[in-house]
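Student: I'd like a close look at the aromatic rings here, please. Take me through it in one go.

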Amino acid sequence: MAAPCCPEDANPPVKAPEGEKGAYEKWGQYRVYVTGKQEGRNALFVAHDVFGSESGTTKLICDELSEKLNVIVVCPDFFGEDAASSPMARIQDPSLSFLQWLGVGLLAFFNLGPFAFSIRRRSWNKLQKEMDDVLMPELLKLSPKKIGLLGFCWGGWFATHASENKGKGYEFCCAASCHPSVSRVANLCGEDIKQIYEDVKIPQLLFSASNDQADTKPGGMAQDIYSKKDFGDSCVYEEFGTVKHGWVNRAKDTGDDKAESRRALDSVTEFLRQHIQ
């Protein structure tokens, strides 16, 4: 049973491993994972997948990118502290007995509607206002000269919208999205998908899995639109054909996931390095 913005055969939720180097801070109503905090460093703003900042290796990826790029990395928890423990996430827990799994499965089934509603109520207009009023003022206190974006799944939709650069007093310089759910979330929110891509103003990296939607894959709608823009030659597209949606921060222990997650992250690092440093 997949989350509303994920394909049916997406990689399941994965619990966050231990070993993170950053810490959570309170920025207004948001709980924000911050790593590499140092005034004057450039910054990377990370938008997590639909299971929150505790999903899989999200925090460890933040730590790695902070060290490799010498930047501050911030990852606000947009879905609340309990996103990773929701029925949609818990149904994949292998330690559940059959009766526990059945009970959690029923909760997950009846949670599909509220889960989709929770995505819809986080409209871009609302998020843009909270970025302007709460999150970015806190980040700007650290005086970064350049700020990049990275998104996973739901966060790919977020990063694409944020690439419009309509914020107050700040701009992003680039955006990387892994297994982005742009069109799925846009459909849930009743948005014009083509217009979202038309409004983008900065270089993009789009890494899609075999079961992701066509618009973000090489030759899809996003590339068709971006290729006509002045930043078109700086964009990067690839379909990772042997893995499923979620493979970067929710890699399985089987198949090509670990190797392809590593390859994707190395490429993301180099793309961000070109634009943030």
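Tutor: The accessible surface of the protein chain comes to about 11700 Å² (Shrake-Rupley method, 1.4 Å probe), and carbon and sulfur atoms own 51% of that area. Of the chain's 277 residues, 56% count as buried (under 20% relative accessible area with the 1.4 Å probe, protein chains only; exposed is over 50%, partly exposed in between).

Keep in mind that this is a predicted model, where local features need pLDDT of at least 70, side-chain atom pairs count only at 80 or more, and totals for chains, interfaces and linings use all residues. Numbering starts from 1 along each chain as its sequence is written, and side-chain values use heavy atoms, without hydrogens and water. The chain averages a pLDDT (the predictor's confidence in each residue, from 0 to 100) of 87, with 84% of the residues at 70 or above. Residues 100-117 fall below 50, and beyond near neighbours in sequence that stretch has 28 contacts (heavy atoms within 4.5 Å) in the model.

Now the rings. The structure holds 16 aromatic pairs (ring centres of Phe, Tyr or the six-membered ring of Trp within 6.5 Å; planes under 30 degrees apart are stacked, over 60 edge-to-face, the rest tilted). One of them is F45 with F172, edge-to-face, 6.3 Å centre to centre and 70 degrees between the planes. F45 sits in strand β3 and F172 in the loop between α5 and β6, 127 residues apart (helices, H or I, of at least four residues and strands, E, of at least two are DSSP runs, numbered from the N terminus). F45 is buried at 1% relative accessibility, and F172 is buried too, at 4%.

Another pair is W124 with F158: the ring centres are 5.1 Å apart and the planes at 80 degrees, so this one is edge-to-face as well. W124 belongs to helix α4 (residues 124-140) and F158 to helix α5, 34 residues apart. Both rings' residues are buried.

What does the rest of α5 look like? Nine of the nine residues of this helix (154-162) are buried, so it is largely enclosed by the rest of the structure. Among those buried residues are W154, W157 and F158.

These pieces come together in one aromatic cluster: Y30, F45, F78, F79, W124, W154, W157, F158, Y170 and F172. For the wider setting, the chain has nine helices and eight strands.
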